[in-house]
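This note sets out points for a colleague who is examining the model. Please read them with the sequence and coordinates at hand.

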Amino acid sequence: MHCLSPKMVCETKIVAEDHESIPGSKKDTIIVSSSQMWPSLAGSPSSPPSPLGSPKEDARRDNVYIREFHPSEQEVVRRIFYEGIMERIPNTAFRGLKQQPLTQLLYGLLAVICFVVTKSFLLTCCLPFFLMGMRYYFSRKVILHYLDCALHTDMSDIEQYYMKPPGSCFWVAVLDGNVVGIVAARGNEEDNTVELLRMSVDSNYRGKGIAKALGRKVLEFAMLNNYSSVVLGTTAVKMAAHKLYESLGFKHVGVIEHYALPGMTRSLLERMFFQVRYHRYRLQLREE
C-alpha cells in the first residue's frame with residue numbers, strides 16, 4: 001500500500017462534515033479582532049478572555065472543554081475521525097451529484113440511449129439505481145483508501161505528528177468527561193500560515209457548538225503565535241460545514257473541480273462515478 005508522505009497528508013485531506021509556541025516578535029496590524037472572531041455562543045453568557053500568557057489550555061464552552069490531546073486518547077480520537085470520514089461516502093455519492101450538472105446530463109443521456117437501444121421501460125427505469133450503486137461503490141472505494149492512508153500516517157501517531165513539532169498542535173473537545181470532538185493545526189513557516197485540519201465531532205454530540213469551539217481554538221492558537229492567516233481545505237458536500245467556516249470568519253478563496261484524492265486511479269469509470277470539489281478557505285489575521 002502506498003500512502004502519502006506526512007507533508008502530503010496535510011495538503012490532501014477531507015474535513016469531516018458537521019461539524020507549543022512559535023517564537024515571534026511581530027507587531028503587525030490585526031485585521032480581524034478577537035471579538036469579531038470569537039463572539040459568544042448563542043445562549044451563553046460572555047466571559048472575559050483568559051490572559052494570553054496563561055499556561056491553562058482548557059477553554060470552557062457551555063461545559064465543553066477544549067484541551068490538548070493526550071496519548072491515552074489515541075483510539076477514541078481515531079474512532080471519531082474514522083466515523084466522520086465514513087459519513088462522506090453516501091454524501092459524496094448522492095448529495096454530491098447535485099453539484100455536478102455535467103454528470104447529471106451524462107446520466108440523462110445514458111438513460112435515453114438505454115431506451116433507444118433496448119426499447120425497454122423496465123431497463124431504463126432500473127438504470128438510475130445502477131448508476132447510484134456505481135457511485136456508492138466508487139465513493140466507498142476511494143474514501144476507504146484515503147482513510148487507510150490517513151490512519152497509517154498522521155492519525156497513527158498524533159503525538160509525533162502534531163504535539164512534538166513546533167507550530168503544530170492537536171486538541172480534543174471534552175463534554176461530560178467524554179472526548180467528543182477533535183481538531184488539529186499545522187504551521188507553515190514559509191508563508192507564515194497555520195492550517196486547520198482533521199476537524200470532526202462525534203455524531204451523537206452535534207448541534208452543541210462544539211465544532212465552532214474547536215475552530216476558535218485554532219484561531220486563538222494562530223493569533224497567540226503571530227501567524228498571519230489560517231487556511232483550510234475541504235471536500236465537504238453539506239452546506240453546514242461551509243457555513244461553519246464562514247461563521248468563524250473564513251473567506252472562500254477558490255475551488256478545484258474534479259479534485260484527486262489519494263487512491264484515485266483516474267480511470268474512465270472512476271471519473272464517471274466519483275467527483276469531488278476541493279474548496280479553499282482563508283482567514284487573514286495580520287498584514288504581512
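The points below run from the overall chain to individual residues.

1. Basis. The model is predicted, so local features are reported only at pLDDT of at least 70 and side-chain atom pairs only at pLDDT 80 or more, while totals for chains, interfaces and linings use all residues. Numbering starts from 1 along each chain as its sequence is written, and side-chain values use heavy atoms, with hydrogens and water left out.

2. Overall chain. The secondary structure comprises ten helices and eight strands, taken as DSSP runs numbered from the N terminus (helices H or I, at least four residues; strands E, at least two). The chain has 288 residues, of which 48% are buried; buried denotes under 20% relative accessible area, exposed over 50%, and partly exposed the range in between, with a 1.4 Å probe and protein chains only. Carbon and sulfur atoms contribute 59% of an accessible surface of about 14,400 Å² (Shrake-Rupley method, 1.4 Å probe).

3. Annotated segment. An unreviewed UniProt entry lists residues 105-131 as "transmembrane region"; such annotations may be inferred rather than shown by experiment. In the model this stretch is 93% helix and 0% strand, and its end C-alpha atoms are 13 Å apart.

4. Aromatic pairs. Eleven aromatic pairs are present, a pair being rings of Phe, Tyr or Trp (its six-membered ring) with centres within 6.5 Å; planes under 30 degrees apart are stacked, over 60 edge-to-face, and the rest tilted. Phe-138 and Phe-273 are stacked because their ring centres lie 5.9 Å apart with the planes at 10 degrees. Since Phe-138 belongs to helix H6 (residues 121-151) and Phe-273 to helix H10 (residues 268-273), the pair ties together parts 135 residues apart in sequence. Both rings belong to buried residues, at 8% relative accessibility for Phe-138 and 4% for Phe-273.

5. A further stacked pair. Tyr-259 and Tyr-278 are stacked with 4.2 Å between centres and 15 degrees between planes. Tyr-259 sits in the loop between strand S7 (251-256) and H10, whereas Tyr-278 is in strand S8 (residues 278-284), 19 residues apart. Tyr-259 is buried at 11% relative accessibility, as is Tyr-278 at 7%.

6. Aromatic cluster. Which residues form one aromatic cluster? Tyr-107 and Tyr-137 do so together with Phe-138 and Phe-273.

7. Backbone points to inspect. Most residues other than glycine have a negative phi. Asp-176 has a positive phi near 55 degrees; Asp-176 lies in the loop between strand S3 (168-175) and strand S4 (178-188) and is exposed at 66% relative accessibility. His-258, also not a glycine, has a positive phi of about 50 degrees. His-258 is in the loop between S7 and H10 and is partly exposed, at 44% relative accessible area.

8. A buried loop tyrosine. Tyr-227 falls in the loop between helix H8 (210-224) and strand S6 (229-234), yet is buried with a relative accessible area of 1%. The C-alpha atoms of Tyr-227 and Gln-284 are separated by 9.2 Å, although these positions lie 57 residues apart along the chain as a sequence separation.

9. Largest cavity. The volume is about 50 Å³. A cavity is a set of points, on a 1 Å grid over the protein atoms alone, where a 1.4 Å probe fits but cannot get out, and lining residues have an atom within 4 Å of a point. The lining includes Thr-92, Gln-99, Thr-235 and Arg-277. By class it has three nonpolar, six polar and one charged residues.

Conventions: 1 Å grid on protein atoms, 1.4 Å probe; cavity = no way out; pocket = protein on both sides within 12 Å on 5 of 7 lines; lining within 4 Å. Points joined across faces, edges and corners; volume = space filled by probe spheres on them. Nonpolar A, V, L, I, M, F, W, Y, C, P; charged D, E, K, R; others polar.
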